[in-house]
There are 4 protein chains.
Amino acid sequence: MIRITVWNENKHEQELDVVKKIYPEGIHGCIKDFLIREEDFEVHTATFYDEDHGLTEEVLSNTDVLIYWSHALQDQFSDEVAERIKRHVLSGMGLIALHSAHYSKMLRLLMGSTMTLKWKHDEEEKLWCLAPLHPIAKGIPECISIPEEEMYGEPFDIPKPDDVVFAGWFSNGYVFRSGCTFTRGKGKIFYFQPGHETNPTYHIPEIQRIIVNAVRFCNPEGIKRIMPQNKEVKG
Amino acid sequence: MIRITVWNENKHEQELDVVKKIYPEGIHGCIKDFLIREEDFEVHTATFYDEDHGLTEEVLSNTDVLIYWSHALQDQFSDEVAERIKRHVLSGMGLIALHSAHYSKMLRLLMGSTMTLKWKHDEEEKLWCLAPLHPIAKGIPECISIPEEEMYGEPFDIPKPDDVVFAGWFSNGYVFRSGCTFTRGKGKIFYFQPGHETNPTYHIPEIQRIIVNAVRFCNPEGIKRIMPQNKEVKG
Amino acid sequence: MIRITVWNENKHEQELDVVKKIYPEGIHGCIKDFLIREEDFEVHTATFYDEDHGLTEEVLSNTDVLIYWSHALQDQFSDEVAERIKRHVLSGMGLIALHSAHYSKMLRLLMGSTMTLKWKHDEEEKLWCLAPLHPIAKGIPECISIPEEEMYGEPFDIPKPDDVVFAGWFSNGYVFRSGCTFTRGKGKIFYFQPGHETNPTYHIPEIQRIIVNAVRFCNPEGIKRIMPQNKEVKG
Amino acid sequence: MIRITVWNENKHEQELDVVKKIYPEGIHGCIKDFLIREEDFEVHTATFYDEDHGLTEEVLSNTDVLIYWSHALQDQFSDEVAERIKRHVLSGMGLIALHSAHYSKMLRLLMGSTMTLKWKHDEEEKLWCLAPLHPIAKGIPECISIPEEEMYGEPFDIPKPDDVVFAGWFSNGYVFRSGCTFTRGKGKIFYFQPGHETNPTYHIPEIQRIIVNAVRFCNPEGIKRIMPQNKEVKG
């Protein structure tokens with residue numbers, strides 16, 4: 001079994017009718033729903049409002065892949081928990097950072113760059129696959145149409161990705177490296193742009209398929225969960 | 001001095017009024033005109049119709065950077081001259097391949113992939129800079145608007161580039177890795193998408209600046225022009 | 001089933017006692033022997049001396065992954081068959097090029113660079129893993145000791161690899177990017193340096209494991225075997 | 001002028017005769033001495049023991065390229081100053097991190113990975129150039145012999161480098177990605193392994209040439225020193 005924790009800030013769902021209507025069980029609930037259809041996925045959820053944000057040492061130790069959506073409360077997120085997530089990724093936990101999590105504390109700690117970008121609500125997106133042979137692109141058409149999404153635009157200040165799997169086209173003239181993989185320590189990371197809270201993007205089957213594929217890609221199968229250390233060689 | 005040969009097929013300029021009007025001296029003439037403003041550039045031109053396509057052993061031996069535009073006569077281009085260009089690039093000659101030269105014999109020989117893509121005439125393009133610190137992006141704004149260009153779209157079957165410097169957005173919903181660098185042997189290569197013959201793209205100052213920058217980037221300064229060889233190590 | 005063709009020049013095995021002794025069934029026979037232990041591998045062999053080198057249109061159409069060892073007869077290899085292999089790789093056939101196949105016609109056609117390097121017989125090698133999370137490194141220790149191998153040394157004139165999975169250390173002071181992945185068209189390629197004919201390298205279990213992993217990595221599972229084409233977009 | 005700050009911990013030089021003898025003016029003094037031979041270099045030095053480690057807001061604002069050597073006091077280095085350095089790199093200051101600075105706070109903040117490696121004193125090193133066309137390799141021979149250095153060995157837990165310019169071979173059987181470039185925000189970074197305090201490595205002319213080249217490469221010429229920001233697009 002691949003043990004997945006879907007973490008969601010879960011603020012907008014409490015406060016905005018439009019979001020509540022699209023995601024009545026929260027973004028985390030929606031993602032859990034399509035993940036549990038996979039026979040070998042075991043899915044747990046947690047939110048900002050849980051104690052320790054629901055991301056205790058124990059939870060993370062028992063998580064193979066963390067899926068993470070955050071936005072409005074990024075500044076209020078615990079520094080300690082952000083460092084804890086980083087430590088677990090470096091030790092081998094997979095990480096899928098969704099949409100506005102580009103600017104989460106934990107992802108900025110792992111990337112080292114500013115992770116800044118341009119943004120605008122309510123544009124059409126076409127998501128193009130640039131790396132059709134990548135495991136995350138398996139079974140994905142060369143283009144996915146998203147009727148409405150938040151535009152994210154370049155320059156996107158990211159370190160050199162391992163691979164740019166998807167690029168986004170937006171109706172107002174912008175492009176974006178929308179699906180990028182990174183490695184940090186023993187952890188495999190996928191950043192994926194689509195998923196603004198007021199758009200029903202996580203209900204789109206192809207988007208769900210990408211996230212399922214990304215879970216398999218980031219899963220640390222056969223990786224011993226120990227943080228890399230400096231090591232003196234003798235003799 | 002950087003010794004540049006601007007090579008152009010020069011067929012459309014002879015046959016189509018619309019092209020003749022935009023490029024009365026041919027695409028090669030236009031490119032030469034803006035290059036010679038640089039004090040350290042020495043510019044020579046050649047076309048398909050010259051003997052040996054104007055790309056003799058002697059011409060290439062005296063070329064630091066070859067700029068190459070081709071389209072309708074790619075199949076008729078001499079296999080021998082295509083191999084000769086490849087050999088000179090591997091020995092250190094810089095190469096800037098423009099627009100439809102993505103499918104030239106010589107570039108496919110150097111890349112090894114099919115270099116295929118999607119295309120459609122007469123779309124608007126916005127050219128975004130993804131690598132603002134790259135030497136080819138020096139002094140270039142983050143976005144260049146091109147009122148009308150030929151759309152080139154992903155998937156673009158290219159080997160992993162050294163860097164993707166520019167990405168193109170097109171009004172009909174496509175994106176493209178429009179400016180990519182590659183290294184082959186001792187040669188530095190820049191592929192640059194804009195420049196359809198019926199659009200006045202090479203008259204745009206920012207596009208000219210990119211080509212000037214690319215000449216400096218691809219120039220094999222201090223590189224000894226000898227083809228790499230297998231070498232046995234003794235002792 | 002993954003359908004594998006192991007191709008071997010098979011010249012040294014006929015002529016040199018030292019090679020015959022190490023590989024009585026040929027290098028291809030040895031590789032076949034450890035591959036067929038995998039339940040989902042179906043293994044076929046072919047050699048230089050077979051008609052059309054045993055690599056007919058039909059054979060390649062029914063090959064998911066081609067493993068290829070060549071050396072002394074590279075110049076005599078058919079140009080037509082080399083182009084045929086390239087075409088099948090671009091259409092999705094996986095390729096594992098071993099040792100001196102760095103300089104095979106088909107690999108140089110696919111890479112575009114000179115593929116040249118330094119070499120010297122009879123050195124000790126230590127093969128280090130640089131990308132422990134790569135699928136080809138699964139279950140592989142961080143270092144494999146090879147008591148005697150042919151040294152291959154940098155500069156190795158290769159295009160930018162997708163990933164450098166292994167690096168070789170040699171007792172006479174040289175290093176080498178010994179395990180590199182590339183993508184061309186729909187084909188995944190792994191170049192792997194160890195395997196000189198007078199050294200029993202393909203009998204080492206960890207080396208065998210790497211080749212098994214590479215077969216799985218290069219296998220075009222779910223990829224439709226059609227060569228990418230330029231395509232006009234309408235409307 | 002390129003304004004350079006050479007920062008050195010300067011602890012070993014105070015305490016160990018062997019270091020004092022090799023670097024009577026400190027490692028920073030030695031580096032300054034060979035840098036100031038370049039007509040367009042303006043060189044300033046600072047050490048751990050200066051107030052704010054000599055790396056105040058004002059000093060960094062007036063530094064184009066920071067060269068940084070650290071080792072024994074990395075844990076005691078101010079968190080605030082480490083964050084300050086990171087901020088200035090993201091805003092465009094170039095950074096050259098030398099040897100044991102792989103494990104400095106500021107570099108780990110910028111890289112996000114653990115930056116761990118293997119190590120052993122007193123081995124012979126051969127430094128091979130893997131990217132002879134890279135600006136940092138200009139005028140550098142394909143191999144530099146270093147009679148004695150501290151061995152650093154793989155696996156080196158670094159993010160995917162922009163380029164691996166040099167690889168180290170060590171007499172005890174290890175290899176290392178010894179010269180790597182990275183981009184973070186507007187800052188260009190070069191990590192360079194040679195330079196253990198008890199070995200006179202910075203007196204080697206080719207090593208000095210690499211550092212001079214790296215200063216030119218990392219210099220943010222024409223880059224406006226403002227931290228990248230998220231930006232809403234209107235209309």
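Two strands count as paired if DSSP finds at least two bridges between them. By that criterion, 6 bridges join β8(B) to β9(B), residues 187-192, and the two strands run antiparallel; within this pairing B:Thr181 stands opposite B:Phe190 in β9(B). The model is predicted. This briefing covers the fold of chain A, the strands around β8 in chain B, the nonpolar cores, one helix of chain C, and the contacts that chain C makes with chains A and B.

**Chain A as a whole**

- Chain A has 7 helices and 10 strands.
- The radius of gyration of chain A is 17 Å, close to the 18 Å that the globule rule gives for 235 residues, so chain A is as compact as a globular protein of that length.
- Along the principal axes, the C-alpha atoms of chain A fill a box of roughly 60 × 35 × 35 Å.
- Of the 235 residues of chain A, 58% count as buried.
- Among contacts in chain A with a separation of 6 or more, 71% come from residues 24 or more positions apart.

**Strands β7, β8 and β9 of chain B**

- Strand β8(B) spans residues 175-184 and is mostly covered, with 10 of its 10 residues buried.
- Strand β7(B), residues 163-170, pairs with β8(B) in the antiparallel sense over 5 bridges.
- In that pairing, the bridge partner of B:Phe166 in β8(B) is B:Gly179.
- β7(B) and β8(B) form a hairpin with 4 residues between them, and B:Gly173 in the turn has a positive phi of about 100 degrees.
- β8(B) also forms a hairpin with β9(B), with 2 residues between the strands; here B:Gly185 takes a positive phi near 60 degrees.
- In a regular strand the side chains alternate between the two faces of the sheet.

**Nonpolar cores**

- The largest nonpolar core has 148 residues, and A:Ile96 and B:Ile96 are those with the most contacts inside it.
- Leaving aside neighbours within four places in sequence, B:Ile96 is in contact with B:Val65, B:Ile67, B:Tyr68, B:Phe190, B:Phe192, B:Ile211, B:Ala214, B:Val215 and B:Cys218.
- A second, separate core has 146 residues, including C:Leu127, C:Leu130, D:Ala167 and D:Cys218.
- B:Phe190 thus appears twice in this account: as a contact of B:Ile96, and as the residue opposite B:Thr181, where the pairing rests on the bridge criterion of DSSP.

**Helix α3 of chain C**

- Helix α3(C), residues 26-35, is mostly covered: 7 of its 10 residues are buried.
- The buried residues of α3(C) are C:Gly26, C:Ile27, C:His28, C:Cys30, C:Ile31, C:Lys32 and C:Leu35.
- These buried residues pack against β1 (2-8), α1 (12-15), β2 (41-47), β3 (65-69) and α7 (205-218) of chain C.
- An α-helix has 3.6 residues a turn, so residues three or four places apart point the same way.

**Contact between chains C and B**

- The contact takes 29 residues from chain C and 29 residues from chain B.
- On the side of chain C that touches chain B, α6 (105-111), β5 (118-129), β8 (175-184) and β10 (231-232) of chain C each supply at least two residues.
- By class, that side of chain C divides into 12 nonpolar, 9 polar and 8 charged residues.
- Strand β10(B), residues 231-232, and β5(C) pair in the parallel sense over 2 bridges.
- In this pairing between chains, B:Glu232 stands opposite C:Trp119 in β5(C).
- A turn of 180 degrees and a shift of 0.0 Å along the axis lay chain C on chain B with an RMSD of 0.0 Å.
- In chain C, the C-alpha nearest this axis is that of C:Gly112, 2.7 Å from it.
- 100% of the interface residues of chain C are also interface residues in chain B, so the copies meet through the same surface.

**Contact between chains A and C**

- The contact takes 8 residues from chain A and 8 residues from chain C.
- The side of chain A that touches chain C has 2 nonpolar, 3 polar and 3 charged residues.
- Chain A can be laid on chain C with an RMSD of 0.0 Å by a turn of 180 degrees and a shift of 0.0 Å along the axis.
- The two copies are therefore related as by a two-fold rotation axis.
- In chain A, the C-alpha nearest the axis is that of A:Asp162, 4.2 Å from it.
- The same surface serves both copies, as 100% of the contact residues of chain A recur in chain C.

Key:
Residues are numbered from 1 along each chain as its sequence is written. Chains are lettered from A and ligands numbered from 1 in the order in which they are written. This is a predicted model: local features need pLDDT of at least 70, side-chain atom pairs count only at pLDDT 80 or more; totals for chains, interfaces and linings use all residues. Two residues are in contact if their C-beta atoms, placed from the backbone, lie within 7 Å. Ala, Val, Leu, Ile, Met, Phe, Trp, Tyr, Cys and Pro count as nonpolar, Asp, Glu, Lys and Arg as charged, and the others, Gly among them, as polar. Copies are superposed by least squares on the C-alpha atoms of residues with pLDDT of at least 70 in both. The radius of gyration is taken over C-alpha atoms; the globule rule is 2.2 Å times the number of residues to the power 0.38. A residue is buried if 20 or more other C-beta atoms lie within 10 Å of its own, exposed if 12 or fewer, and partly exposed in between; C-beta atoms are placed from the backbone. A nonpolar core is a set of buried Ala, Val, Leu, Ile, Met, Phe, Trp, Tyr and Cys residues joined through C-beta atoms within 7 Å.
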